[in-house]
Amino acid sequence: MDSRFLRLDTEDLCALVPDFDSAQAAAEELLAHPDGGPGRHAGPGGRLLELRGDTAVLRDPGGGDLCALPASGLYACRVAALTALAANQLLDPGVVTASLIGSGTAGRIQLLVIARSVPDVSHVAVHSPGGPHASPVDSGIAGVLEATGIGLTVAASPEEATFGASLVVVTEPVVSRPCLGHLAPGSVLVNATGRSLREETTGCVSAVYVDDLGLLDAAGRVPVPAGGRLGVEADLRQVFTGEHPGRACADHVLLVELLSGAAPETRLDVVLAERIHRAALCHGLGALSPG
């Protein structure tokens, strides 16, 4: 190791993800590995990302270790980046009202990335299935949303949070019935739970997308969303590159299954890790370890 080796914690990641366009970083990572599949941790510049226990380590083959990040935090950043990419590619242009069903760090990072990387968001409603103590909304998050002109509602139920939302993001399962309530025409529902959503939630879905077709087998399941009525339309790389046209009808409800959620260890996002590392160096964040 050299004197530039940085150790970043979850708070550092939350401070750094608003510094760059996470959706663009997600697109670059998908383009770097067009055939998908697990275990592809080498970046275009030759840097490597390795999983060592609960830590993801960014390495320069010619100069040793560069940065250590909490793997769970980096994974949460990747999921949020994919969410933003899905929203940007599959929502019709116009004002976006967002809904987050989630808690804790994963929810916080989703809110930060939505505020930074999804254009024209006017309002976000948040419901935490874990209860008020697990809410992702704190004074810092509220301040970021206020500074970017985004209204905030902390909702008491999933139905209240999702009512009228054009972007609905679920990062953890909802156990109450009904689950999410009626989804608005033209909305995009992002399932980042790693589990299939209930049929009553997906019954109005018209088309299904995934983050990466190469992860279908790696995830250990072929998703059967919308009660098994629909197959997978395309993945986000195909939509981003124009291989698939994306949304076919303004009123269709689209479901995006983030297969990374079923097997997060199968894909470490080296492009995103490099962006975080550069931002940390720029802002002087992280703890320097002796070489």
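Helix axes count as roughly parallel under 35 degrees, roughly antiparallel over 145, roughly perpendicular from 65 to 115, and oblique otherwise. That rule is applied to two helix pairs in the views of this predicted model.

**Figure 1. The whole chain holds 9 helices and 13 strands.** The chain has 291 residues, and 53% of them count as buried. Take the contacts in the chain with a separation of 6 or more: 75% of them join residues 24 or more positions apart.

**Figure 2. Helices H3 and H4 cross at roughly 40°.** H3 covers residues 71-90. H4 covers residues 104-117. Two packed helices are described by the angle between their axes and the distance between the axes. Here the axes come within 9 Å. The angle of roughly 40° is neither under 35 degrees nor in the range 65 to 115. H3 and H4 are therefore oblique to each other. Their crossing is right-handed.

**Figure 3. A close-up shows the residues that join H3 to H4.** On the H3 side, the contact uses Gly-73, Ala-76, Cys-77, Val-79, Ala-80, Ala-81, Thr-83, Ala-84 and Asn-88. On the H4 side, it uses Ala-106, Ile-109, Gln-110, Val-113 and Ser-117. What kinds of residue make up this contact of H3 with H4? There are 9 nonpolar residues, 5 polar ones and no charged ones.

**Figure 4. Helices H2 and H9 cross at roughly 140°.** H2 spans residues 22-32, and H9 spans residues 270-283. Their axes come within 8 Å. Roughly antiparallel needs an angle over 145 degrees, and this pair is at roughly 140°. H2 and H9 are therefore oblique too. From H2, Ala-25, Glu-28 and Glu-29 take part in the contact. They meet Val-271, Leu-272 and Arg-275 of H9. This contact of H2 with H9 divides into 3 nonpolar, no polar and 3 charged residues.

**Figure 5. The largest nonpolar core contains 69 residues.** Which members touch the most others? They are Leu-167 and Ile-276. Helix H3 gives the most to this core, with 12 residues. A second, separate core has 15 residues. Among them are Leu-183, Leu-197, Val-205 and Leu-255.

**Figure 6. Ile-276 is seen here with the residues it touches.** Leaving out residues up to four places away in sequence, Ile-276 touches Leu-8, Leu-13, Leu-16, Phe-20, Leu-69, Leu-74 and Cys-77. Cys-77 also appears in Figure 3, where it belongs to the H3 side of the contact with H4.

Terms used: Residues numbered from 1 in each chain as written. Predicted model: local features only at pLDDT ≥ 70, side-chain atom pairs only at ≥ 80, totals over all residues. Heavy atoms only, no water. Core = buried A, V, L, I, M, F, W, Y, C linked by side-chain atoms within 4.5 Å. Buried < 20%, exposed > 50% of the residue type's maximum accessible area, 1.4 Å probe, protein only. Helix = DSSP H or I, 4+ residues; strand = E, 2+ residues; numbered from the N terminus. Contact = heavy atoms within 4.5 Å. Axes fitted to C-alpha atoms, helices over the stretch in contact; angles between N-to-C directions. Left-handed = near helix turned anticlockwise from the far one by under 90°. Nonpolar A, V, L, I, M, F, W, Y, C, P; charged D, E, K, R; others polar.
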